[in-house]
Amino acid sequence: MKVYITYQIPEIAVRLLKEHFEVEVNRGKHLSKKELIEKIKDADGVLCLLNNTIDAEVMDNAKRIKIFANYAVGFNNIDVLEAKKRGIIVTNTPDVLTDATADLAFTLLLSVARRIVEADKFTREGKFTGWEPNLFLGCDIKGKTLGIIGAGRIGKAFAKRSMGFDMKIIYHNRRRDLEFERDFNAVYVDKETLIKESDFISLHAPLTDETYHIISEKDFDMMKETAILINTARGPLVDEKALVKALKNRRIFGAGLDVYEFEPQIEEELKSMDNVILLPHIGSATINTRNEMARLAAENIIRVLKGQKPLTPVV
Ligand code: DGY
């Protein structure tokens, strides 16, 4: 059987898969949809990335395909209903990237609040001429209200990281999670309350029809002027044009972004703003995490092509 890997990922995946199958890896640039279709037409399994769109057209042309193993926890790039209809299995990589992603979200929170990137730039530019009472005044963290939208694995791991800061946690989710409320003293609120009361809002929901633009212009208008928005989930959760406006008008204090509405394109104006930190989608980017993601994606393919149940199916 043949497995196609759509981009270079840690070699552990290639090694594991090669023990069982013929394996081809794209070691060049990211593939266009047309190239992807051509490459996977005789593949039994595909290990794909979040920037590969896997829709009905791709599936139509992949006649032998039994599994798409996404190298990500999010799987909005794959039409899972279409896969289900055709009996194709889709897997993702949950758990192994939870801590790395929560760490990055908290790093962004602290960095925006304390204006770390701006201050670093200032220092490197030789502008530091001595201690200044008013230099880079930021926000306190302790005792503030942390609003979490999406209390899944990563949302909870993010909450855990806030414990040392004595923050009040409020959250909004599809459903209440009593264990989370008990363990973190978290309070379930409706979205509007969360938007109005939070000092920091962090997004940890998957991208679905329901969560698309969950943060819109109306929401920015309701936020505190001192609010900070963190998005390490998926770009389209936020109306990016509305975010630009809110940052430009100093309607909120700042934002920390790892993902973008039209990734990899970024609203041009964001790039010149000092109240936003922009990262290139590196939530899960630690050496160990990426190795574990590769191992898990490969294990899923091996299991499915050997007729066993995958470890982490989404369909
Ligand atoms: C994911 O896994 O969904 C991240 O966005 C990439 O690590």
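**Exercise 1. Where is the place of Asp44?**

Two ground rules come before the solution. Residues are numbered from 1 along each chain as its sequence is written. The model is predicted, so to speak of local features takes a pLDDT of at least 70, side-chain atom pairs count only at pLDDT 80 or more, and totals for chains, interfaces and linings use all residues.

Step 1. Asp44 sits in the loop between helix H2 (33-39) and strand S3 (45-48). Helices (H or I, at least four residues) and strands (E, at least two) are DSSP runs, numbered from the N terminus.

Step 2. Now for burial: a residue is buried if 20 or more other C-beta atoms lie within 10 Å of its own, exposed if 12 or fewer, and partly exposed in between, with C-beta atoms placed from the backbone. Asp44 has 19 C-beta neighbours inside 10 Å, so Asp44 counts as partly exposed.

Step 3. Two residues are in contact if their C-beta atoms, placed from the backbone, lie within 7 Å. Skip the neighbours within four places in sequence, and Asp44 is in contact with Met1, Lys2, Val3, Arg64, Ile65, Lys66 and Leu305.

Step 4. For a distance, take Arg175: Asp44 and Arg175 are 131 residues apart in sequence, and their C-alpha atoms are 37 Å apart in space.

**Exercise 2. Work out how the chain is divided and what lies between the parts.**

Step 1. There's a domain 1 (2-96 + 287-305) and a domain 2 (98-278), with bounds that come from an automatic or database domain assignment. Their C-alpha centres lie 31 Å apart.

Step 2. Five residues of domain 1 are in contact with six residues of domain 2. On the domain 1 side, the touching residues split into one nonpolar, three polar and one charged. Here Ala, Val, Leu, Ile, Met, Phe, Trp, Tyr, Cys and Pro count as nonpolar, Asp, Glu, Lys and Arg as charged, and the others, Gly among them, as polar.

Step 3. Next, the core: a nonpolar core is a set of buried Ala, Val, Leu, Ile, Met, Phe, Trp, Tyr and Cys residues joined through C-beta atoms within 7 Å. The largest one has 92 residues, and Leu47, Phe68, Ile228, Ala297 and Ile301 have the most contacts inside it. Helix H5 (residues 98-113) gives the most to this core, nine residues. Domain 1 and domain 2 both give residues to this core, so it lies between them.

Step 4. Zoom in on Phe68: leaving aside neighbours within four places in sequence, Phe68 is in contact with Val46, Cys48, Ile54, Ile78, Ala83, Ile88 and Val90.

**Exercise 3. Which residues surround the ligand?**

Step 1. The residues around the ligand are Leu50, Ala72, Val73, Gly74, Leu97, Gly283 and Ser284. To be near a molecule, a residue needs its C-beta atom, placed from the backbone, within 6 Å of it.

Step 2. Sort that shell by class and you get four nonpolar, three polar and no charged residues.

**Exercise 4. Find the backbone oddities.**

Step 1. Keep the background in mind: most residues other than glycine have a negative phi, and most peptide bonds are trans.

Step 2. A cis peptide bond joins Glu263 and Pro264, with omega about 5°. Pro264 is in the loop between strand S11 (254-257) and strand S12 (276-278).

Step 3. Asn185 has a positive phi, near 55°. Asn185 is in the loop between helix H8 (178-184) and strand S8 (187-188), and is exposed, with 12 other C-beta atoms within 10 Å.

Step 4. His281 has a positive phi too, near 50°. His281 lies in the loop between S12 and helix H12 (287-305), and counts as partly exposed with 19 C-beta neighbours inside 10 Å.

**Exercise 5. Is Leu296 buried or exposed?**

Step 1. Leu296 belongs to helix H12.

Step 2. Leu296 has 22 other C-beta atoms within 10 Å, so Leu296 is buried.

Step 3. Beyond four places in sequence, Leu296 is in contact with Thr93, Val96, Leu311 and Thr312.

Step 4. Leu296 and Ala13 are 283 residues apart in sequence, while their C-alpha atoms are 8.2 Å apart in space.
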